[in-house]
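Subject: Structure handover

Hello,

Here is the structure we talked about. Please open it and keep it in view while you read the notes below.

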Amino acid sequence: FFFFFFFFFFFFFFFFFFFFGPVPRFYIDHYADASCGGFTITTTDNCIKHTACFSRFAFDLPPQQQIEFCVEEEVTYETRMPGARPFLTKAADQWLAQGLLSKADCDRAFMEVVAQETKSVLQRIASTNRVTEDDVRQWREGVTIRPGSGETVVVVPDSVLALLSRHLEAQATEANTRNEVSRLESHIGTGDLQ
C-alpha cells in the first residue's frame, strides 16, 4: 500500500508541476527577414545565442504570466529608379511620411521632373512638324508630375503657346491653300473651272 501511495503521490506531483508549475526556461527563436539582402536583428535583451540571421532569447516565465517581447530588425539597402518621375510616383510620399526624405529633397526631385518635361517639350517644339493642336492643348492645361495627385505644372509659357497656336493655324491655312491649288490645277487641264 505504501508503495502504491508513494507512486501515486509522485505521479500527481510530477504531473501538476510539469503542467502548472513554473517554466524553468522559455525560449524564443527568431529568424531575420532575408529580403533586401538580409535584415540584422538588433535586439540584444535576453539574447543567449546570436548569428547573422538568427537569435535565441531566453526567459524565466512564472505560471500564468504573459510577456510581450518585441524583436527589432534593420537593413540598409538601395533602390534605384530610372529618373525622378518614378521616384515621385512610387516612393516620395511614403518616404516623406516615414521621415526618410526631407521636403527639400522631394522638392528638388520635383524640380528635376519639371526640367525634364520642359526639355522634352522644347525638343518637340524644335521639330515643329511634330507639334499638334492636341499637344498645345495639353501643354496649356499643364503636365501632371505625380499621377493621381492632381498637381499640374505648366512648362510652356503662354506667349510660346500663343505662337504655336498661330503657327498651327498658318500650317492649316497653307494646307487648305495647297489643296485648293491642286483642285484648281486638276480642273485647268480639263477646262472645267468652277
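Start with one definition: a residue is buried under 20% relative accessible area, exposed over 50%, and partly exposed in between. Now apply it. Aspartate 107 has a relative accessible area of 34%, so it is partly exposed. Please remember that this is a predicted model.

**The chain as a whole**

The chain holds six helices and seven strands. Along the sequence, their order is α-β-β-β-β-β-α-α-α-α-β-β-α. The chain has 194 residues, and 20% of them are buried. Its accessible surface is about 15000 Å². Carbon and sulfur atoms hold 59% of that surface. Now look at contacts with a separation of 6 or more. Of these, 56% are between residues 24 or more positions apart.

**The nonpolar cores**

In soluble globular proteins, nonpolar side chains tend to be buried together. Here is what this model shows. The largest nonpolar core has 22 residues. Which of them touch the most other members? They are Phe87, Leu88, Trp139, Val155 and Val156. Four elements give two or more residues to this core: helix 2 (84–90), helix 4 (103–126), helix 5 (133–141) and helix 6 (158–190). Helix 4 supplies the largest share, with seven residues. Another core lies apart from this one. That core has five residues, including Ala32, Phe39, Ile41 and Phe59.

**Aromatic rings**

A pair of aromatic rings is described by the distance of the centres and the angle of the planes. The whole structure has three aromatic pairs. One of them joins phenylalanine 59 and phenylalanine 69. Their ring centres are 4.9 Å apart and their planes meet at 70°. Planes over 60 degrees apart count as edge-to-face, so this pair is edge-to-face.

The pair links distant parts of the chain, 10 residues apart. Phenylalanine 59 is in strand 4 (residues 54–61). Phenylalanine 69 is in the loop between strand 4 and strand 5 (73–74). Are the two residues buried or partly exposed? Phenylalanine 59 has 9% relative accessibility, so it counts as buried. Phenylalanine 69 has 26%, so it counts as partly exposed. Both belong to one aromatic cluster with Phe57.

Another ring has a charge over it. The charged end of arginine 56 sits over the ring of tyrosine 27. The distance to the ring centre is 5.7 Å.

**Two buried polar residues**

Threonine 43 is in the loop between strand 2 (40–41) and strand 3 (47–50). Its relative accessibility is 12%, so threonine 43 counts as buried. What does threonine 43 contact beyond its neighbours within four places in sequence? The partners are Phe57, Phe69, Cys70, Val71 and Glu72. A polar atom of the threonine 43 side chain lies 2.7 Å from the backbone nitrogen of glutamate 72.

Serine 55 lies in strand 4. Its relative accessible area is 0%, so serine 55 is buried. The side chains of serine 55 and histidine 50 are joined by a polar contact of 2.7 Å. Leave out residues up to four places away in sequence, and serine 55 touches Ile28, Asp29, His30, Ile41, Cys47, Lys49 and His50.

**Three partly exposed residues**

Asparagine 46 is in the loop between strand 2 and strand 3. Its relative accessible area is 39%, so asparagine 46 is partly exposed. Check its backbone too. Phi of asparagine 46 is near 60°, a positive value in a residue other than glycine.

Back to aspartate 107, which is found in helix 4. Its C-alpha atom is 9.8 Å from that of leucine 88. The two residues are 19 residues apart along the chain.

Last, glutamine 138 is found in helix 5. Its relative accessibility is 43%, so glutamine 138 counts as partly exposed. Glutamine 138 and valine 154 are 16 residues apart in sequence. In space, their C-alpha atoms are 9.3 Å apart.

Best wishes

Note on methods
Residues numbered from 1 in each chain as written. Predicted model: local features only at pLDDT ≥ 70, side-chain atom pairs only at ≥ 80, totals over all residues. Heavy atoms only, no water. Core = buried A, V, L, I, M, F, W, Y, C linked by side-chain atoms within 4.5 Å. Buried < 20%, exposed > 50% of the residue type's maximum accessible area, 1.4 Å probe, protein only. Phe/Tyr/Trp six-rings, centres within 6.5 Å; stacked < 30°, edge-to-face > 60°. Lys NZ or Arg CZ within 6 Å of the ring centre and 35° of its normal. Contact = heavy atoms within 4.5 Å. Areas by Shrake-Rupley, 256 points an atom, 1.4 Å probe, with all protein chains shown as cover. Polar contact = N/O pair within 3.5 Å; in protein donor to acceptor, adjacent residues only side chain to side chain.
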